[in-house]
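Biologist: I would like a close look at a single part of this model, with enough of the surroundings to place it. Please take one strand and say what lies around it.

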Amino acid sequence: MIASTWQWLTDPVNWSGPGSIPNQILTHLWYSAIALFVASLIAIPAGLAIGHTGRGRFFGVNLAAAARAIPSLGLLFLMVLWLFPKFSGSSGSAAFVVPSLIVLAVLAIPPILAGAYAGVEGVDPAARDAAKGMGMTGMQVLRRVEIPNAMPLIFSGFRSATLQVIATATLAAVVGADGLGRFLIDGQKIRDYPQMAGGSLVVAILALVVDLLLGTIQRYAVSPGLTGRRTSASRRGRSDGVSGSAESAGRSNTPLDVEISDPRRTVDSQPS
Amino acid sequence: MKLKRISVTVAVVAALLGTAACGGSGGGDPLATKSSSSGGGGDSSAITVGSADFPESALLAEIYAGALEAKGVKVNKKLNIGAREAYIPALQDGSIDLIPEYTGVLRDYFKKDMPGKDSEAVYTELKGVLPGTLTVLDKSAAEDKDALVMKKSKADELGVKSIEDLKGKSQDLVVGGPPEWKTRITGLVGFKQIYGLEFKQFRPLDAGGPLTLQALKNGQIDAGDIFTTDPNIQTADLVALEDPKNMFAAQNVVPLITKSKSNDTIAGALNAVSAKLDTETLTKLLKQVVVDKKDADVVAKDFLSQAGLS
Amino acid sequence: MTWFIDHLGEVWDLGRQHAVLAGLPLLLGLLIALPLGWLARRFRWLYAPFTAGFGLLYTIPSLALFVILPLVTGRGILDPFNVIVAMTLYTVALLVRTVADGLGSVPGAVTNAATAMGYTPGKRFFAVELPLAVPVISAGLRVAAVSNVSIVSVGTVIGVQQLGLFFSDGFNRQFYDPIVVGIVACIVLALLFDAVILVVTRLLTPWLRATGARA
């Protein structure tokens, strides 16, 4: 099994032409990127607004929790039945992709939303007060203090979402779209298990590589004062100093979801 | 103190899960198959009927189950197992004992590229390629084969009645079918070798399922794989192209059963069902499930009582 | 709605099986993740490889895992055992980091105090560190619970009896009712799991109620 999987992975036939591994990786990334972009467009502003104003928290959080509970496969079938008739003729091939994109975006919204609002909410009130004291307007506080401080958690949420989206984008192949899921579905149909195993391996590696890439970007996008790159006393060190378990029950330091490499802080996905 | 609390909690959770698992049916194994009225799970004399995950297969399985129960056989049902790639291994490992099948595809599953095309030849070849533990009973006259289907308007526009007529036109057409069509003789390979057709694009969808149907109706594909008993061919104004060179082999409905589970009562009951089934009847029954959204077991029951098999 | 009422028995049956397939692995996964998380905490050099390595398990597409696992376990293709194994893997993937971070969230002063009071390391772990880590672990468990409920429905591709069968049934007949009923049943089940975890967390963390903090 391992040998034949390796054989499939290294067979040059699978590395060129339409439907080849590189092509399907690109398509897979393309689907994932669109879904994550759309999800971010909705979830980041919403999360920042909730975190900044403190309003709509109950509504937003519960909606996100409910969205998390929606089974992707069911939603996918529902979307296909509903949307297919809406695409016809030349815009046709979108019909195969759009339902999957919606499902992936729905999947990505909760962790991104949670990251954004938990990040802003968790900003040290002293920092916020200081900014206000310096005469900043609400927008300036958000832009120049809250968002930079929230970056680690925003990233953390986004990375969780990315991992889930990349792993789940394989479902697109169930409903006739491309992407790495094709190897899984096509492999199953002709009982070509090395192809299935190889395809899954590519998905896992892709998720890993993308996560490492995002980790690197995070390193440079997040203010050095927060990442501990400058001061060796990390955030964790600080939270260790806080006595009492209320802190550990607190929202912002609660780990969540999957996280491959080592972001210092993680997001609480499901605050109560 | 804490330890005690933890153990209490664990007990609570276990109890909750236990209730969830064991509530309802008397059986201890919560994951056992749903047994039908006369069945009592775990009985070695009981027979487990499976089906593939499409409506016609589930309907046929319900018919088989009903007919067997009428003869006093204990039946468990395990319906809507995925594709053949899942349920044949399930038959071989004893998870299920009986499943409705189709002669042509079943033969191709065990051995590719056999020459037989008509019902008798395919049935004979099928018996020859089955593994020793499995057997098929009598085939029925009911047939449900793959067909290349187009929208009636599109077929008329191109003046196409058979697959052969697509010659010289296929390079502008998008064809949809199950993913395995890409490499099979009953797919793209056959269209090329047998009919000399090359299509503009192949879109991997499903085997005569909702994707192919929707894509066909909405024009994302020009021609697609739909099964001949599909009531949507009538209701959605589609037309099945003729297959003059018999690329698609015969597909008679046939019970596939584990040899050791079969006996005279069981074989008799199932053969009686096969004798009563023809394509027209099957199409009508399927329409009740797919179009009228009736439950397969209800439709099966009606059929059995009308056919005097209940 | 009529469809739902007519098929109540089926929803209940499949829902129960779905609950077992998603719920049992939560307990098993937690049991496996506890020692692993503890190791990642105890030996700091294990933290990165453990959390990253086990996290990677989560990226194995469920579609493939469900099909390939029977070949690996040697159990029958319809054997729910395979699904339990797969879901346990996913649960462990989510929980190792959670457990490690949860144990890490226990303030150093507290563990020092426990040691000073004469707690042996084993007793300290069960009586002090683990209970204090409960809120964090519980948050991770809630995510795993919801994720499990969703992933189990993909078991439809290999014919496992669970709520996902409503999805394929509805899809095959272009019939919204079963799909919607299946989705709603999954959401209800996920919320039920969530509620159970919350209640258990509350029972385990009386001090949070005492101080008025939220879990």
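Modeller: A word on the other chain comes before the strand. Of the 272 residues of chain A, 52% count as buried. Chain A has 12 helices and 0 strands, so a strand has to be sought in chain B. The helices follow one another along the sequence in the pattern α-α-α-α-α-α-α-α-α-α-α-α. Among contacts in chain A between residues at least 6 apart in sequence, 74% join residues at least 24 apart.

The strand chosen here is β5 of chain B, residues 146-151. The model is predicted, and the confidence in chain B should be stated before any detail. The mean pLDDT of chain B is 85, with 86% of its residues at 70 or more. Residues 1-43 of chain B are a weak stretch, where the pLDDT is below 50. That stretch still has 62 contacts in the model beyond near neighbours in sequence. Where pLDDT is low, the predicted coordinates should not be read in detail.

Now the place of the strand in the chain. Chain B is divided into domain 1 (47-143 + 250-306) and domain 2 (146-240). The C-alpha centres of these two domains of chain B lie 26 Å apart. Their contact takes 11 residues from domain 1 of chain B and 6 residues from domain 2 of chain B. On the domain 1 side, helix α11 (residues 279-290) of chain B gives the largest share, 6 residues. By class, that side of domain 1 of chain B has 5 nonpolar, 2 polar and 4 charged residues.

A database record also covers this region. In an unreviewed entry, UniProt lists residues 47-306 of chain B as "domain: ABC-type glycine betaine transport system substrate-binding". In the model, the end C-alpha atoms of residues 47-306 of chain B lie 24 Å apart. This span of chain B is 42% helix and 17% strand.

Back to β5 of chain B itself. Is the strand buried or exposed? In β5(B), 6 of the 6 residues are buried, so the strand is largely enclosed by the rest of the structure.

Which strands pair with β5(B)? One is strand β8 (residues 223-227) of chain B, which pairs with β5(B) in the antiparallel sense over 5 bridges. Within this pairing, Asp146(B) stands opposite Phe227(B). Another is strand β9 (residues 238-240) of chain B, which runs antiparallel to β5(B) and is joined to it by 3 bridges. Here Lys151(B) has Leu238(B) of β9(B) as its bridge partner.

To put the strand together: β5(B) is largely enclosed, and has antiparallel pairings with β8(B) and with β9(B).

How values were computed: Residues are numbered from 1 along each chain as its sequence is written. Chains are lettered from A and ligands numbered from 1 in the order in which they are written. This is a predicted model: local features need pLDDT of at least 70, side-chain atom pairs count only at pLDDT 80 or more; totals for chains, interfaces and linings use all residues. Domain bounds come from an automatic or database domain assignment. Two residues are in contact if their C-beta atoms, placed from the backbone, lie within 7 Å. Helices (H or I, at least four residues) and strands (E, at least two) are DSSP runs, numbered from the N terminus. Ala, Val, Leu, Ile, Met, Phe, Trp, Tyr, Cys and Pro count as nonpolar, Asp, Glu, Lys and Arg as charged, and the others, Gly among them, as polar. pLDDT is the predictor's confidence in each residue, from 0 to 100. A residue is buried if 20 or more other C-beta atoms lie within 10 Å of its own, exposed if 12 or fewer, and partly exposed in between; C-beta atoms are placed from the backbone. Two strands pair if DSSP finds at least two bridges between them. UniProt positions are given in the numbering used here, feature names are shortened, and annotations may be inferred rather than shown by experiment.
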